[in-house]
Amino acid sequence: MASENLAREAAEATHGAVDTPIGVESAFPPFDAAAFPSHLFWLAVSFGLLYFLMLRVIVPRLGGILEDRRDRIAGDLGEAERLREETDAAIEAYETELADARKKAHGIAAERRDQIKADNEAKRRKAEDGLTEKVRDAESRIGEIKAKALSEVEDIASDAVEAVIATIAPISADRSEITAAVKAAKE
Amino acid sequence: MAAEGALDPIHQFEVHPIVDLHVGGMDLSFTNVSLYMVATTAVVALFLILSTGGRGLVPSRWQSMAEMSYEFSASMLRSSAGAEGMRFFPLVFSLFMFILVANMIGMFPYFYTVTSQLIVTFAFSMLVILTVVIAGIRQHGMRFFKLFVPDGVPMAILPLVSAIEVISFISRPVSLSVRLFANMLAGHITLKVFAAFIAALSALGVVGILGAILPLIMTIAITALEFLVAGLQAYVFAVLTCLYLNDALHPSH
């Protein structure tokens, strides 16, 4: 009966009969109570289906996509931060090591310098010692030679005096007197 | 008589059975309205399911649109009802998408506007209000009725204030459903009336065709306005749903 209503009202509405009050056949369609059960039933079916799909498929899926993306971005940012910290630590370690190496190099250089200086000093002292000894030797030899020469000078002078005396005077002078005289004259 | 039917602005809201279906004396025929309801569900569901099929970390254009609609509804609900309101998210998202798509489908010429049926919008608003009442009572028990008893009101005027609160609560489903229904119905009737002017005037010869330019401009302008209204009313319905759900979660003022 209701479907007859629908059909008849559709037919009549096409002919322009629209100003009939609610509840009567061919009522203003939005207020036509005869069609309400059909509207409600099919609305329940279609909207119910949509709600079910939302609940089971769409909202979990979209929510999952957005959450994955948020997690991924947060994870990437965290990873970047971790890598940055690692880099900072590596740079710090490098700089510490560099400073250490520099300090060690300085130490080695200083040690080496000191050692060379000490070596040179020792060699120099040794050489100086050798020279001093040689000078002393030479000096003593010079002294000896000088003494020997001087003693020979006395003999030569005595010989010369004896010869001079023998030439100018017919006296034979005593050798020891001549020697004493020469020594006295030399002093 | 066909021309007269085409010029009749109410003609577009008529209900025709497509498949007769009677269950227990009730007429549950599959009508053109039912067809557009099912089409709305199909469009929403296919759009949201197919576009997110790739689950791309970097979204495609379609997936980006689905994500935008999701985040738009989610931020709307979160800002009105807080984080605990998110358990109603499937309902709010379904309502928003269904009403939006139903309104937009209605903008196609010769397509039926499901939301211009009062019973449809009333069913939606009753769904919202019943969700509010049931969720509110389940969560807060009798304290839910503190909604009608604002804090800090003197005893002398408390009955009056409570009566006003009760009336405003009862009028919610009415205003919620009538707002959407009336906007869609009136918009489509206005559109049809101006469009009919064009047809009627241009039948009068050269002068009539020149005179038809004015209603043509109006029709174009109202079409643009109707697109705005279609989106806006879906948004308004969803926002009010969120605000009412907030009452269920936090009944004390």
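This report walks through chain A, its contact with chain B, and a few salt bridges in a predicted model.

**Chain A on its own**

Let's start with the fold of chain A. It has 3 helices and 0 strands, so reading from the N terminus you simply get α-α-α. Of its 187 residues, 19% count as buried. The surface that chain A exposes comes to about 13,500 Å², with carbon and sulfur atoms supplying 60% of that. As for contacts within the chain, take those between residues at least 6 apart in sequence: 25% of them join residues at least 24 apart.

**Where chain A meets chain B**

Now for the interface. Chain B brings 58 residues to the contact and chain A brings 42. Between them, the two chains bury about 4,500 Å², and 76% of this area comes from carbon and sulfur atoms. On the chain B side, Asp27(B), Leu57(B) and Ile119(B) lose the most area to chain A, together making up 14% of what that side buries.

What about polar links across the interface? There are 11 residue pairs in polar contact between chain B and chain A, both residues being at pLDDT 80 or more. Quite a few elements of chain B take part: those that each supply at least two residues to the side touching chain A include the helices α1 (2-7), α2 (32-51) and α6 (158-202), along with the strands β3 (26-27) and β4 (30-31). Of the elements, α2(B) gives the most, with 9 residues. Sorted by type, the residues on this side of chain B come out as 35 nonpolar, 15 polar and 8 charged.

How many salt bridges cross the interface of chain B and chain A? The count there is 1 salt bridge. Its partners are Glu67(B) and Arg69(A), whose closest N and O atoms sit 2.8 Å apart.

**Salt bridges along helix α2 of chain A**

Over all chains, the structure holds 11 salt bridges. Here are some of those within chain A:

| Pair | N to O distance |
|---|---|
| Arg72(A) and Asp76(A) | 3.4 Å |
| Arg124(A) and Glu121(A) | 2.9 Å |
| Glu128(A) and Arg124(A) | 2.9 Å |

Why can Arg72(A) and Asp76(A) pair up? They are 4 residues apart in helix α2 (residues 36-168) of chain A, so about one helical turn separates them. Neither side chain is shut away from solvent by the burial cut-off, which is under 20% relative accessible area: Arg72(A) is partly exposed at 45%, and Asp76(A) is partly exposed too, at 43%.

Further along the helix, Arg124(A) has two acidic partners in the table, Glu121(A) and Glu128(A). Arg124(A) and Glu121(A) lie 3 residues apart in helix α2 of chain A, about one turn. Glu128(A) and Arg124(A) are 4 residues apart in that helix, and again the separation is about one helical turn. In terms of accessibility, Arg124(A) is partly exposed with a relative accessible area of 42%. Glu121(A) counts as partly exposed at 32%, and Glu128(A) as partly exposed at 40%.

Which residues do the shared partners join into one network? The salt bridges link Glu121(A), Arg124(A), Arg125(A) and Glu128(A).

Definitions and conventions:
Residues numbered from 1 in each chain as written. Chains lettered and ligands numbered in written order. Predicted model: local features only at pLDDT ≥ 70, side-chain atom pairs only at ≥ 80, totals over all residues. Heavy atoms only, no water. Buried < 20%, exposed > 50% of the residue type's maximum accessible area, 1.4 Å probe, protein only. Contact = heavy atoms within 4.5 Å. Areas by Shrake-Rupley, 256 points an atom, 1.4 Å probe, with all protein chains shown as cover. Buried area = accessible area lost by both parts, 1.4 Å probe. Salt bridge = Lys/Arg side-chain N within 4 Å of Asp/Glu carboxyl O. Polar contact = N/O pair within 3.5 Å; in protein donor to acceptor, adjacent residues only side chain to side chain. Nonpolar A, V, L, I, M, F, W, Y, C, P; charged D, E, K, R; others polar.
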